[in-house]
Amino acid sequence: MANNHQRLHAIFIPYPLQGHVIPSIHLAIKLASRGFTISFINTQFIHHQISKAQPDTIGDNIFAEAHKSGLDIRYYTVSDGLPLGFDRSINHDQFMASLLHVFSAHIEELIRKIIIKSSSNSIQPVNCLIADTFFVWPSMISKKLGLPYVSFWTEPALVYSLYYHMDLLRKNGHFGSNDNREDTINYIPGVPAIEPTDLMSYLQDTDLSTVVHEIIFKAFDDAKGADFIICNTVQELEPETISALQVDKPFYAIGPIFPTGFTKSNVATSLWVESDCTQWLDSKPNGSVLYVSFGSYAHVSKNDLTEIAHGLLLSKVNFVFVLRPDVVSSDEPDPLPEGFLEESKDRGIIVQWCCQIAVLSHPAVGGFLTHCGWNSILESIWCGVPILCFPLLTDQFTNRKLVVDDWRIGLDIDSRKLIARKEVSAKINRLMEDKLGQEFRKEIKEVKKALQNASKDDGSSEKNFNQFVKDLTVLIGQKSGTQLV
């Protein structure tokens, strides 16, 4: 082995949706703080949205502040194959088709340029690829270029395991037919018994010919070629599932991946202009405010949004209601029922977007009505805020199961049936005021403790992260015949 020392240089490519970009940015910073050189590739569209939302702070490089701390993060943007003005929200399938068929050519071209540049300029040569598991091409490109491949899974290990074992679900008749079985699933390695209604929405579908299904099938086939899987979860929250996955491949639980200090990131990640709710929240009693947000991408039907809005009015609780411009559709700019603003003005505010971490960590907030995106759940747990679940698609139904059934830190508004305002109101009040709400607050303190302990220097996530870096360093050294530091 050669005696010259080299640092690790990873190309890092997040999936171009905000829920994937946020943990990727924070993980890139964490890796850079451990001495990695990171070449981070965003899509031009994501960069454009972030720049538009925060024009005074971004410029050409979202990592400008991180650079001031001495972190070596190089920033690149690449086309996702569609024009900047194309509405990816309304045209979801076309967007996904572009990621499936076009994006890999753009990425491979840019990766090759970065490799040539790093080899010819006294920069650390690129020696590994880190990419979101949902991409269909990383193991193919990494093999072609001779780079170790690290697959980054931004959702819970349970969701990864269910996708990973689609063949078992299909073989046993719970997935992939027009008449899927409805009995309990109890044969997935490391997964306690789970109901078919708690599977991700794409595994409950009977039409498997969609572009998203094609992406899922190809992505999990591609993931088999990864050298390592790193996952934004906590060992103590999913021990059996993680242990079973580790039998097949190195799988490291390194979550929760939050910015240093949690409440404020030094990198802009928002795709919309953020409103500051602090002054309004300061005027409200502790634990009296319900925070309502359906995340950065999922859509709510007009009828469901109307019933939730009326449920908020009936409940009489204070609230912060996040309404993205396209939460129902880009063609429906004013989806709230008539009179809602007037009737709720004394106890609620409506914002287009906000810093979710800042709101959840405010003492006035006592509950969170959420679509159950994984980032939202982790942030709510960290802040000790019980959860009212309204899952809309993909992993959110499975995340709901963890919240309601496994950890008992919240309750469910069943989004799979017609929802009614009286039910919404009753559940809001149960979460915010009833004895049941107190039980959730008690339970969430324990789950929060697990997250915080895992994040300490001697905690499971830090140990797993250190082990991952060590194992990756060894593998790169073996491939290159170079001793790495």
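The following is a dialogue about a predicted model of one protein chain.

Biologist: What makes the radius of gyration of the protein chain agree with a compact globule?

Modeller: With 485 residues, a compact globule would have a radius of gyration near 23 Å, and the protein chain has 22 Å, so the two agree. Along its principal axes, the C-alpha trace spans about 70 × 55 × 45 Å. The chain holds 20 helices and 15 strands.

Biologist: How much of the protein chain counts as buried, and what is the cut-off?

Modeller: Buried means under 20% relative accessible area, and 60% of the 485 residues count as buried. The accessible surface comes to about 19500 Å², with 49% of it belonging to carbon and sulfur atoms. Among contacts between residues at least 6 apart in sequence, 72% join residues at least 24 apart.

Biologist: How far apart are the mean positions of the positive and negative charges?

Modeller: They are 4 Å apart, taken over 44 positive and 56 negative charges.

Biologist: Why is helix H7 called largely enclosed?

Modeller: Helix H7 covers residues 157–164, and 8 of its 8 residues are buried, so the rest of the structure largely encloses it. The buried residues are Ala157, Leu158, Val159, Tyr160, Ser161, Leu162, Tyr163 and Tyr164.

Biologist: What makes helix H16 mostly covered, and what covers its buried residues?

Modeller: In H16, residues 374–382, 9 of 9 residues are buried. They are Trp374, Asn375, Ser376, Ile377, Leu378, Glu379, Ser380, Ile381 and Trp382. The cover includes helix H1 (18–33), helix H15 (356–360) and helix H19 (435–455). It also includes H17 and the strands E12 (365–370) and E13 (387–389). Just after H16, Gly384 takes a positive phi of about 70 degrees.

Biologist: How do you know that both faces of strand E2 are covered?

Modeller: On one side His9, Ile11 and Ile13 are buried, and on the other Ala10 and Phe12 are buried. That fits the count for the strand, residues 9–13, where 5 of 5 residues are buried.

Biologist: Which strand pairs with E2, and in what sense?

Modeller: Strand E3, residues 37–43, pairs with E2 in the parallel sense over 4 bridges. Ile11 has Ser39 of E3 as its bridge partner.

Biologist: Why is Lys316 called exposed?

Modeller: The relative accessible area of Lys316 is 61%. Exposed means over 50%, so Lys316 is on the exposed side of the cut-off. Lys316 sits in the loop between helix H13 (302–315) and strand E10 (318–322). Its positive phi is about 70 degrees, although Lys316 is not a glycine.

Biologist: What makes Arg408 exposed?

Modeller: Arg408 has 53% relative accessibility, and the cut-off is over 50%, so Arg408 counts as exposed. Arg408 lies in the loop between helix H17 (396–406) and strand E14 (410–412). Arg408 also has a positive phi, about 55 degrees, and is not a glycine.

Biologist: Is Asn318 buried or exposed, and how do you know?

Modeller: The relative accessibility of Asn318 is 15%, which is under 20%, so Asn318 counts as buried. Asn318 is in strand E10. Leaving out residues up to four places away in sequence, Asn318 touches Trp280, Lys284, Pro285, Ser288, Val289, Leu290 and Arg347.

Biologist: How far is Asn318 from Arg347 in sequence and in space?

Modeller: They are 29 residues apart in sequence, and their C-alpha atoms are 4.7 Å apart in space.

Biologist: Why is Ser296 counted as buried?

Modeller: Ser296 has 17% relative accessibility against a limit of under 20%, so Ser296 counts as buried. Ser296 is in the loop between strand E9 (289–293) and H13. Not counting residues up to four places away in sequence, Ser296 touches Gln18, Gly19, Trp272, Arg324 and Trp353. From Ser296 to Ile111 the separation is 185 residues in sequence and 28 Å in space, C-alpha to C-alpha.

Biologist: Which residues does the cis peptide bond join, and what is omega?

Modeller: The cis bond joins Gly255 and Pro256, with omega about -5 degrees. Pro256 is in the loop between strand E8 (251–253) and helix H12 (278–282).

Methods: Residues numbered from 1 in each chain as written. Predicted model: local features only at pLDDT ≥ 70, side-chain atom pairs only at ≥ 80, totals over all residues. Heavy atoms only, no water. Helix = DSSP H or I, 4+ residues; strand = E, 2+ residues; numbered from the N terminus. Rg over C-alpha atoms; globule rule 2.2 N^0.38 Å. Buried < 20%, exposed > 50% of the residue type's maximum accessible area, 1.4 Å probe, protein only. Contact = heavy atoms within 4.5 Å. Areas by Shrake-Rupley, 256 points an atom, 1.4 Å probe, with all protein chains shown as cover. Lys, Arg positive; Asp, Glu negative; His and termini not counted. Charge placed at Lys NZ, Arg CZ, Asp CG, Glu CD. Pairing = 2+ DSSP bridges.
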